[in-house]
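Please describe how the helices of this model pack against one another, and then turn to its pocket and to its unusual backbone geometry. A report in running text with one small table would suit.

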Amino acid sequence: MTTASLSGRKVLLIVGGGIAAYKALEVVRLLRKAGAEVMSVLTAAGAEFVTPMSLAALTGRPVRQDLFMPEDETAMGHIELSRWADLVVVAPATAGLIAKAANGFADDLASTTLLATDKRVLLAPAMNVRMWLHPAVQANVERLKGFDGFHGVAVVGPDEGEMACGEFGPGRMAEPPAIMEAIAALLAGPDGRPLAGRRAVVTAGPTFEPIDPVRGLTNRSSGKQGYAIAQALADLGARVTLISGPVALSAPIGVDRVPVETAREMKAAVEAALPADIAVMSAAVADWRVDGVASGKLKKAPGGPPSLALIENPDILASVSAPGKSRPKLVIGFAAETSDLEANARAKLSRKGCDWIVGNDVSDDVFGADGNTVTLFTRDAGDESWPRQSKTEVARKLAARIADHFKA
Ligand code: C5P
């Protein structure tokens with residue numbers, strides 16, 4: 001994101017009531033630094049966490065707190081306020097604010113502004129993990145995203161991690177730089193969604209190859225990186241089909257998830273999801289499956305353990321990359337390596353026939369972790385090493401690169 005890109009852009013920031021509200025102050029600082037004009041609305045709950053004085057000082061403008069304030073309304077009425085902005089950002093977006101917006105409530109300045117605006121809205125949710133995962137909250141977010149044809153609600157985060165309440169999981173508000181990146185992306189494209197109209201297929205997680213009805217071969221892939229990529233692409237407007245092996249993750253919002261078990265099911269599901277513009281194959285597909293799966297549970301026998309004959313699974317990435325009518329314009333594979341990352345990733349690029357490889361050094365702490373250190377290898381634009389960052393940040397960065405690729 002270039003600093004100049006927000007010069008003169010107008011952002012209305014609604015600060016809800018949550019411990020993450022202090023991060024909204026940093027968002028204001030970054031927006032101003034990038035040249036944007038910022039007006040802020042502070043909810044009554046928000047004012048329990050940050051003061052109107054801090055917001056006024058950082059935005060350089062009076063803070064709006066009430067719907068019925070004659071002085072405020074004569075300076076800029078709430079309807080005018082909702083139209084003044086190029087983009088409305090809600091950070092932190094609490095469960096309460098999301099519920100109001102999803103259901104058309106207008107009982108304070110924040111909710112009224114959200115209902116009255118004709119601009120895009122970006123939510124940065126922040127709440128306890130159980131609250132975020134509650135079907136009511138998920139349904140409300142889904143509902144807001146579904147209003148897309150109207151003026152479109154985008155969501156950044158929440159991130160996963162330790163929470164102020166001591167619990168762990170998704171619910172932490174996205175970090176200010178990530179919110180800035182989402183703001184820049186929304187203000188960038190013609191309709192603010194650089195991948196709108198694009199279709200993407202993402203594979204994620206492990207595969208499970210049965211031995212008999214109760215046992216199988218699988219691996220340690222958590223699916224976190226692939227799920228984050230599916231979410232990041234959807235956030236930029238792509239229509240995403242996520243073909244997922246068995247993982248313990250909830251489906252990203254606004255993404256079609258197709259659950260599969262085996263490599264062959266995954267391949268069939270990928271083929272059914274084509275044509276697509278973008279394919280990101282991040283699944284850890286088992287290289288082999290058991291030849292002749294037993295129809296009943298294998299029993300311990302005096303003759304010793306059974307021997308398993310393995311046969312090779314189809315290579316989904318290689319088959320998607322093969323030249324042909326339905327080959328996606330951009331095919332991205334993953335290379336998990338414990339040594340010689342560059343040589344192995346480059347070799348994979350030509351062997352598989354894909355366009356980019358996201359290489360990660362898995363000698364580090366990667367499996368199931370929230371962080372990832374990757375290098376992006378491309379066929380014609382060189383390499384790019386990214387510092388260790390969260391899988392969500394890796395996903396957003398990759399999605400931004402994909403959007404740039406299609407813009408060019
Ligand atoms: O060959 P290797 O497993 O190292 O390559 C990794 C890349 O290939 C990943 O993008 C993975 O999703 C993809 N792959 C695949 N089908 C296979 C094996 C790997 O799509 N059978």
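In this predicted model, helix H10 passes helix H14 in a right-handed crossing. The axes of H10 and H14, the latter spanning residues 391-407, come within 8 Å and cross at roughly 45°, an angle which makes H10 oblique to H14. On the H10 side the contact involves Lys224, Gln225, Ala228, Ile229, Ala232 and Leu233, and these residues meet Lys391, Thr392, Val394, Ala395, Arg396, Leu398, Ala399 and Ile402 of H14. Sorted by class, the residues of the contact of H10 with H14 comprise 9 nonpolar, 2 polar and 3 charged.

Helix H1 takes part in two further packings, one with H9 and one with H2. The axes of H1 (residues 21-33) and H9 (residues 176-188) come within 9 Å, with a crossing angle of roughly 50°, and H1 is therefore oblique to H9. The crossing of H1 past H9 is right-handed. From H1, the residues Lys23, Glu26, Val27, Leu30 and Leu31 make the contact, while H9 contributes Pro176, Pro177, Ile179, Met180 and Ile183. This contact of H1 with H9 holds 8 nonpolar and 2 charged residues, with no polar ones.

Against helix H2 (residues 52-59), the axis of H1 again comes within 9 Å, here with a crossing of roughly 10°. That angle falls under 35 degrees, so H1 counts as roughly parallel to H2. Leu25, Val28 and Arg32 of H1 meet Ser54, Leu55, Leu58 and Thr59 of H2, and the residues of this contact divide into 4 nonpolar, 2 polar and 1 charged.

The three packings are set side by side below.

| Helix pair | Axes come within | Crossing angle |
|---|---|---|
| H10 and H14 | 8 Å | roughly 45° |
| H1 and H9 | 9 Å | roughly 50° |
| H1 and H2 | 9 Å | roughly 10° |

Helix H10 (224-235) also has a part in the largest pocket, where it supplies at least two residues of the lining. The same is said of strand S9 (199-204), helix H12 (316-321), strand S17 (330-337) and helix H13 (341-352), each of which supplies at least two lining residues. The largest share of that lining, 4 residues, comes from S17. The space within the largest pocket amounts to about 1100 Å³, and 41 residues line it, with Ser282, Ala283, Ala284, Val285 and Ala336 lying nearest its centre. By class, the lining of the largest pocket is made up of 18 nonpolar, 15 polar and 8 charged residues.

The backbone has some points that call for separate notice. Most residues other than glycine have a negative phi, and most peptide bonds are trans. Asp340, however, which is not a glycine, has a positive phi near 50°, and this residue is found in the loop between S17 and H13. The peptide bond from Ala91 to Pro92 is cis, with omega near -5°, and Pro92 has its place in strand S4 (residues 87-93). A cis peptide bond also joins Leu274 and Pro275, with omega at about 5°; Pro275 is found in the loop between helix H11 (263-273) and strand S14 (278-281).

Notes. Residues numbered from 1 in each chain as written. Predicted model: local features only at pLDDT ≥ 70, side-chain atom pairs only at ≥ 80, totals over all residues. Heavy atoms only, no water. Axes fitted to C-alpha atoms, helices over the stretch in contact; angles between N-to-C directions. Parallel < 35°, antiparallel > 145°, perpendicular 65-115°, else oblique. Left-handed = near helix turned anticlockwise from the far one by under 90°. Contact = heavy atoms within 4.5 Å. Nonpolar A, V, L, I, M, F, W, Y, C, P; charged D, E, K, R; others polar. 1 Å grid on protein atoms, 1.4 Å probe; cavity = no way out; pocket = protein on both sides within 12 Å on 5 of 7 lines; lining within 4 Å. Points joined across faces, edges and corners; volume = space filled by probe spheres on them.
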